[in-house]
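Please open the structure in your viewer and keep the selection panel at hand, since this tour moves from one selection to the next. At each stop you will read what to select and then what is there.

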Amino acid sequence: MTSSSLTFLILSLNTILLTSAHYFPSSPPSGEFVSEWKSARATYYAAADPRDAVGGACGYGDLEKAGYGKATAGLSTVLFEKGQICGACFEVKCVEDIRWCIPGTSIIVTATNFCAPNYGFPSEGGGKCNPPNEHFVLPIEIFEKIAIWKASNMPIQYRRIKCRKEGGIRFTIDGGGVFLSVLIHNVAGAGDVLAVKIKGSRTGWLPMNRNWGQNWHINADLKNQPLSFEVTSSEGLTVTSYNVAPKDWNFGQSFEGKQFQS
């Protein structure tokens, strides 16, 4: 083989490898925050009363007013991560059962609630949300977008994806006296919150503690001070919103800050 033929062969092989790497990447492109598909199961609930859309273990309150609508999910113990996962977004699709699955469909839901375990039943027979089961509980309106309702307890696949939100991160302030509780919601990107700091005009940055779900609290006298927030997601990214709440803020009010890129 001549040197020119060998050079042509090497260049051709490199072109094939580069083309393959472009069209068949081994992992999602950096920054897209898309996990691998994993197996789980899903059931549904039918809301008997509109008030059933209020509450939940993440603390979002009225899911319609909070902007989550019905595209929500309650997660089993191993997925809920003691509330850390609240606000995260998942793509879910029905698999394996051609009788009940609606082909070519998937849904995007936000983690807003906890499916409590029932240790009166074994995990493989009635205790659907018991460890080590990975389980989603969906509103029937969302469940029926991927499967026929008669399917009941369906095998699914899910993957974590980035959340897309309108507007900025929202901070709802509650509490009383020196006890300050802040619900952090409408979070884009990873969707969940790993750490929060708060700052008044007369303080430095003060770390807050997770109370439950995405309610964060601190004992500090921050009245009559504009409030700033530093929010860190599970991606390790941080967004700082300065002077979100004005000096005359009050309990029960909500304010909008900056947002993660999605």
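The tour below begins with the whole chain and then goes on to sheets, strand pairs, aromatic rings and single residues.

**The whole chain**

Begin with everything selected, and keep in mind that this is a predicted model. Colouring by secondary structure should bring out 3 helices and 15 strands in the protein chain. Of the 262 residues in the chain, 41% are buried, and the accessible surface comes to about 14,000 Å², with 55% of that area belonging to carbon and sulfur atoms. Among the contacts with a separation of 6 or more, 68% are made by residues 24 or more positions apart.

**An open sheet of five strands**

Next, select β11, β12, β8, β7 and β15, which in that order form an open sheet with antiparallel pairing. At its edges lie β11 (209-212) and β15 (254-256), each of which pairs on one side only. Neighbouring strands of this sheet are turned against each other by 35° on average, if direction is ignored.

Within that sheet, narrow the selection to residues 170-176 and 179-185, which are β7 and β8 and which pair in the antiparallel sense over 7 bridges. Which residue of β8 is the bridge partner of isoleucine 173? Show the side chains here, and you will find that isoleucine 173 is matched with valine 182.

**Strand β1 and its partners**

Now move to residues 38-45, which make up strand β1. With strand β6 (residues 154-161), β1 pairs in the antiparallel sense over 5 bridges, and one position to look at is lysine 38, which stands opposite tyrosine 158 in β6. With strand β5 (residues 135-139), β1 is joined by 5 bridges as well, but here the strands run parallel; threonine 43 stands opposite valine 137 in β5.

**Aromatic pairs**

Keep β1 in view and add the rings of phenylalanine, tyrosine and tryptophan, among which the count comes to 9 aromatic pairs. Tyrosine 44 and phenylalanine 143 form one of these pairs, a tilted one, with 5.0 Å from centre to centre and 50° between the planes. This pair links distant parts of the chain, since tyrosine 44 belongs to strand β1 and phenylalanine 143 to helix α3 (residues 140-143), 99 residues apart. Are the two rings' residues buried or exposed, or something in between? Tyrosine 44 has 26% relative accessibility and therefore counts as partly exposed, whereas phenylalanine 143, with a relative accessible area of 1%, is buried.

Then select tryptophan 249 and phenylalanine 251, an edge-to-face pair with 5.4 Å between the centres and 90° between the planes. Tryptophan 249 counts as buried because its relative accessibility is 2%, while phenylalanine 251, at 24%, is partly exposed. Stay on tryptophan 249 and add lysine 223, whose charged end sits over the tryptophan ring at 4.4 Å from its centre. A second arrangement of this kind can be shown by selecting lysine 93 and tryptophan 37, where the lysine lies over the face of the ring, 4.1 Å from the ring centre.

**Leucine 79 and an aromatic cluster**

Select Phe90, Phe136 and Tyr158 together, which form one aromatic cluster. Two of these residues, Phe136 and Tyr158, are also touched by leucine 79, whose other contacts beyond four places in sequence are Ile85, Glu134 and His135. Leucine 79 itself lies in helix α2 (residues 77-80), and its relative accessibility of 11% falls under the 20% limit, so leucine 79 counts as buried. To place phenylalanine 114 relative to this site, draw a distance between the C-alpha atoms of phenylalanine 114 and leucine 79, which are separated by 9.0 Å although the two residues are 35 apart along the chain.

**Glutamine 261**

For the last stop, select glutamine 261 in the segment after β15. With a relative accessible area of 72%, over the 50% limit, glutamine 261 is therefore exposed. Leaving aside residues up to four places away in sequence, glutamine 261 touches Lys162 and Gly189. The C-alpha atom of valine 239, 22 residues away along the chain, is separated by 9.7 Å from that of glutamine 261.

Note on methods: Residues are numbered from 1 along each chain as its sequence is written. This is a predicted model: local features need pLDDT of at least 70, side-chain atom pairs count only at pLDDT 80 or more; totals for chains, interfaces and linings use all residues. Side-chain values use heavy atoms; hydrogens and water are left out. Helices (H or I, at least four residues) and strands (E, at least two) are DSSP runs, numbered from the N terminus. Buried means under 20% relative accessible area, exposed over 50%, partly exposed in between (1.4 Å probe, protein chains only). Contact means heavy atoms within 4.5 Å. Accessible areas come from the Shrake-Rupley method with a 1.4 Å probe; for residues, only the protein chains shown count as cover. Rings of Phe, Tyr and Trp (its six-membered ring) pair if their centres lie within 6.5 Å; planes under 30 degrees apart count as stacked, over 60 as edge-to-face and the rest as tilted. A charge sits over a ring if NZ of Lys or CZ of Arg is within 6 Å of the ring centre and within 35 degrees of the ring normal. Two strands pair if DSSP finds at least two bridges between them. Axes are lines fitted to C-alpha atoms, for helices over the stretch in contact, and angles run from 0 to 180 degrees between N-to-C directions.
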